[in-house]
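Me: I'm new to reading protein structures, and I'd like a close look at one part of this one. Could you pick a single helix and walk me through its surroundings?

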Amino acid sequence: MDPGMDPAGAFPVLERELRAALAEDERRQREGEAKLRALRQGVPDYGQFREIVLASHLKPLEKKDRLGQRRNVLWNPCAAPAETAPACTVDIPQELDQLPGTAAEFHRDWRRCLKSGTEKYQFLLELGGEALGRIFQADVGFGLLGEFLTVLAENIHPGDRAAILQILQSLAGTERFGLNVALLSQAEKESSQDLFRKLQSRDGQAAGQGEAHPMETHLEKETEEERTVVELMKRYRVS
């Protein structure tokens, strides 16, 4: 909260931040319980494990909901009828009213507002590595790391190399990062390998294209970025 903010206007801000923090704590606890439940059930593969965790927000109908008078209540509170207008309509992430400042707000925008890989890619770049590292400092939500790697790999453009490396560095500094990497699916691991392969290619190294940097400065930047790529490959377990 801004120290210079009018006290009368501070309460709505504090209330919004508190609600977001509580929602994020509830999500983390819910997903943690789902992971333990999946392990106790001895699910045979990662796909089923992932489905159990991602569906942890679903609540089964109670007996009073199943019997008697029909009620117009959705079993899945996150679903919406086909005729219902989407929660957000954006062409590009920059058209969002406000970029997220918490993990709960990020999840809301990522799931509801962004429909294509291109939108999600632009959204990640718009936020940048510093903001993403701050939002997910406690933990990158289950399944998100793999989605990030897939989106980046499928949409990387020449000139975005430095921004993507900053994003990867920030995510690698979050809590339980090693566990999230270990839980990547095979397809997500392949996307990670594809992303780093593109970052190492000549096309991916076009970050300075069109910029009038002295040759020595440009070479120093390339050398530093190459070292960063090699280090990140170790962190992301890419061989």
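Reply: Happy to help; what follows is a tour of helix α4 and its surroundings.

Please keep in mind that this is a predicted model. Let's begin with the whole chain before zooming in. The protein chain has ten helices and zero strands, so from the N terminus on its elements read α-α-α-α-α-α-α-α-α-α. Of its 239 residues, 37% count as buried. Take the contacts between residues at least 6 apart in sequence: 73% of them join residues at least 24 apart.

Now to our helix. α4 covers residues 103–113 and is mostly covered, with eight of its eleven residues buried. The buried ones are A103, A104, E105, F106, H107, D109, W110 and C113. You will meet several of these names again below.

Start with the aromatic residues. F106 and W110 sit four residues apart in helix α4, which means about one helical turn separates them. F106 is buried because its relative accessibility is 0%, below the 20% cut-off. W110 is buried as well, with a relative accessible area of 0%. F106 also pairs with F123: this aromatic pair is tilted, at 5.6 Å centre to centre and 35° between the planes. That pair links distant parts of the chain, since F106 belongs to helix α4 and F123 to helix α5, 17 residues apart. F123 is likewise buried, at a relative accessible area of 0%.

How many aromatic pairs are there by the ring-centre rule? The count comes to nine. One of them is F106 with W110: their ring centres are 5.4 Å apart and their planes meet at 20°, so the pair is stacked. A pair of aromatic rings is described by the distance of the centres and the angle of the planes. If you step back from the individual pairs, F106, W110, F123, F136 and F148 form one aromatic cluster.

F106 has another role to look at. The largest nonpolar core has 39 residues, and F106, L168 and Y236 are those with the most contacts inside it. The elements that give two or more residues to this core are α4, α5 (117–135), α6 (144–155), α7 (161–172), α8 (177–182), α9 (186–200) and α10 (215–235). For a view from elsewhere in the core, try L168: leaving aside its neighbours within four places in sequence, L168 is in contact with L149, L152, L195, F196, L199, L232 and Y236. In soluble globular proteins, nonpolar side chains tend to be buried together.

Next, see how α4 meets a neighbouring helix. α4 and α5 pack at an angle of about 170°, with their axes 12 Å apart. The two helices are therefore roughly antiparallel to each other, because the angle is over the 145 degrees that sets this class. On the α4 side, A103, F106, D109, W110 and C113 take part, and they meet E119, K120, F123, L124, L127, L132 and I135 in α5. By class, this contact has nine nonpolar, no polar and three charged residues.

It helps to set beside this the packing of α5 with α6. Here the angle is about 105° and the axes are 9 Å apart. That makes α5 roughly perpendicular to α6. In this contact, G117, T118, K120, Y121 and L124 in α5 meet E147, F148, V151, L152 and N155 in α6. The residues divide into five nonpolar, three polar and two charged. Notice that K120 and L124 of α5 are named in the contact with α4 and again in the contact with α6.

Finally, return to α4 and look at H107, which lies in this helix. Is H107 buried or exposed? H107 is buried, because its relative accessible area is 12%, under the 20% cut-off. Not counting residues up to four places away in sequence, H107 touches E24, R27, G141 and L144.

One last stop is R28, which lies in helix α1 (residues 7–41). R28 counts as partly exposed, because its relative accessibility is 31%, between the 20% and 50% cut-offs. Leaving out residues up to four places away in sequence, R28 touches A138, D139 and R176. The C-alpha atoms of R28 and F142 are separated by 8.8 Å, although these residues are 114 apart along the chain.

Key:
Residues are numbered from 1 along each chain as its sequence is written. This is a predicted model: local features need pLDDT of at least 70, side-chain atom pairs count only at pLDDT 80 or more; totals for chains, interfaces and linings use all residues. Side-chain values use heavy atoms; hydrogens and water are left out. Buried means under 20% relative accessible area, exposed over 50%, partly exposed in between (1.4 Å probe, protein chains only). Contact means heavy atoms within 4.5 Å. A nonpolar core is a set of buried Ala, Val, Leu, Ile, Met, Phe, Trp, Tyr and Cys residues joined through side-chain atoms within 4.5 Å. Rings of Phe, Tyr and Trp (its six-membered ring) pair if their centres lie within 6.5 Å; planes under 30 degrees apart count as stacked, over 60 as edge-to-face and the rest as tilted. Axes are lines fitted to C-alpha atoms, for helices over the stretch in contact, and angles run from 0 to 180 degrees between N-to-C directions. Angles under 35 degrees count as roughly parallel, over 145 as roughly antiparallel, 65 to 115 as roughly perpendicular and the rest as oblique. Ala, Val, Leu, Ile, Met, Phe, Trp, Tyr, Cys and Pro count as nonpolar, Asp, Glu, Lys and Arg as charged, and the others, Gly among them, as polar.
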